[in-house]
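Got the viewer open? Let's take a short walk, one selection at a time.

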Amino acid sequence: MPAARYKPILDALAADIRSGRLSAGTQLPTHRDLAASAGIAVVTASRIYAELRAMGLVSSEQGRGTFVRDLALPPGHGIDQHALAGDIVDLNFNYPVLPDQAALLRHALRELAGSGDLDILLRYQPHGGRERDRAVVATHLLSRGLDVTPDRVALVNGAQHGLTVTALATLQPGDVVAADAVTYPGFRVLAEALHLELAPLPTTVNGPDLDALKSLCRRRPVRALYAMPTLHNPLGWVLDGEARKELRDIAYEHELLIIEDASYAYLVDRPPPPLAALASEHTVYVSGISKNVATGLRVGFVVAPAGRMPAIERAIRATTWNTPALTTAIVTRWLADGTVARLEAQKRADALRRQAMAADALKGLEQSTYPTSYFTWVKLPDNARADRIAATLSESRISISTAEPFAITANPPQAIRLALGSASLAALPDALSTVRRAIEMDPYA
């Protein structure tokens with residue numbers, strides 16, 4: 001088909017979407033109907049829709065059709081998460097979604113619509129969640145090596161909210177909280193907002209320097225430790241049993257509260273017991289279903305000693321009152337019927353494939369990772385600069401993260417974190433090869 005006829009159709013559709021004349025969620029004509037109305041071949045109509053997808057303007061669902069995307073919610077947004085154009089390969093943030101998850105949600109909504117207790121979803125919920133929902137989560141946690149009663153579980157709006165209510169319930173402005181020198185950026189943002197002092201711990205290849213933690217506790221009034229023992233983000237370690245027991249002993253000796261972030265624990269098959277099982281009276285355990293199911297379903301859970309639950313529930317009341325009943329109903333159904341366990345197994349397999357691609361593309365570079373992790377930490381060669389490499393890759397339409405958002409020290413290490421879970425399996429190998437070339441060609445490396 002001549003370009004003079006092909007491009008105007010594409011441009012007109014793109015303009016209508018960007019201007020809002022075609023609103024988010026609008027179903028576009030089928031390929032055949034577009035071809036008939038525009039007087040073009042079906043193969044050309046398919047090409048037009050493929051280009052609209054590449055621009056990030058539409059999405060396609062097998063068996064249902066092509067729909068206008070919500071441009072107000074681009075993939076990648078937030079304080080430390082800049083909006084990305086649709087044609088950028090995102091190696092910056094993880095939002096792994098399996099092909100059948102939209103269909104699962106559609107089925108769950110139909111089932112929920114036909115259930116007999118819809119009225120309850122329109123009312124305020126108990127701050128920590130309904131008793132039966134808490135019981136479902138408690139049963140789920142048995143697979144994590146955590147045996148707790150439902151009254152020690154509180155439902156929250158995702159793990160980040162769980163960290164927030166934990167800090168609000170247990171810490172005061174000015175408290176010293178030990179954390180790995182390279183750690184999850186969301187906790188760093190939380191500490192800044194609540195005026196907590198983060199004390200960085202040196203890290204080793206296997207975990208935090210526990211001798212440094214002991215020394216810090218002797219020198220400073222350390223109130224809490226923020227830890228990710230089961231798949232650290234971004235360094236990828238899983239603490240062994242001996243290190244966990246040593247952390248337990250430090251907590252008891254120094255009356256230290258451990259805030260255990262288990263958001264990525266689902267990616268580790270048969271891990272050692274969580275710290276919350278070893279030091280239950282000194283640990284608040286926080287996790288959720290954003291990573292193992294979907295980021296849009298903001299449901300998480302906090303497990304705490306019984307004596308801390310009233311303060312945690314009061315913090316939930318002060319921040320959100322309760323976790324939305326609709327999303328809680330979907331998530332607890334999926335926990336109970338095995339859907340979450342199945343998705344977790346599929347994502348572990350998916351992460352394993354992606355790590356194999358990363359190992360192949362980045363062979364020879366110094367990495368810190370885990371075989372079934374959705375990210376890898378790449379230490380750069382001497383004199384290479386992470387910011388230069390990130391800028392170079394941006395020009396190649398690839399987004400990565402430097403160490404800066406993860407570092408709680410004055411001088412971030414020269415390293416990059418690559419999120420492997422968002423790019424398509426087809427695009428990932430080429431993107432990783434481009435990353436490698438950018439590192440090797442950095443002018444001062």
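Start by selecting Val-153: standing opposite is Val-303, in β10. Keep in mind that this is a predicted model. Now widen the selection to the two strands, β4 (153-156) and β10 (residues 300-303). They pair in the antiparallel sense, over 4 bridges.

Next, show the whole sheet. How many strands form it, and in what order? There are 7, running β4-β10-β9-β8-β7-β5-β6, and the sheet is open with mixed pairing. Your starting strand, β4, is one of the edge strands; the other is β6 (197-201), and each of these pairs on one side only. Turn the view a little: neighbouring strands here are rotated by 20 degrees against each other on average, ignoring direction.

Time for the helices. Pick residues 131-141 to light up α5, which packs on the sheet and touches β4, β9 (283-288) and β10. Its direction makes about 105 degrees with that of β4. Then pick residues 159-170, helix α6. This one lies across β4, β7 (222-227), β8 (257-261), β9 and β10, and runs at about 155 degrees to β9.

Last stop: Ser-287, in strand β9. Is Ser-287 buried or exposed? Buried, because its relative accessibility is 4%, below the 20% cut-off. Zoom in on the side chain of Ser-287 and you'll find that it reaches the backbone oxygen of Ala-262 at 3.1 Å. To see who else is around, leave out neighbours within four places in sequence: Ser-287 is then in contact with Ala-159, Ala-262, Ser-263, Gly-300 and Phe-301.

How values were computed: Residues numbered from 1 in each chain as written. Predicted model: local features only at pLDDT ≥ 70, side-chain atom pairs only at ≥ 80, totals over all residues. Heavy atoms only, no water. Pairing = 2+ DSSP bridges. Axes fitted to C-alpha atoms, helices over the stretch in contact; angles between N-to-C directions. Contact = heavy atoms within 4.5 Å. Buried < 20%, exposed > 50% of the residue type's maximum accessible area, 1.4 Å probe, protein only. Polar contact = N/O pair within 3.5 Å; in protein donor to acceptor, adjacent residues only side chain to side chain.
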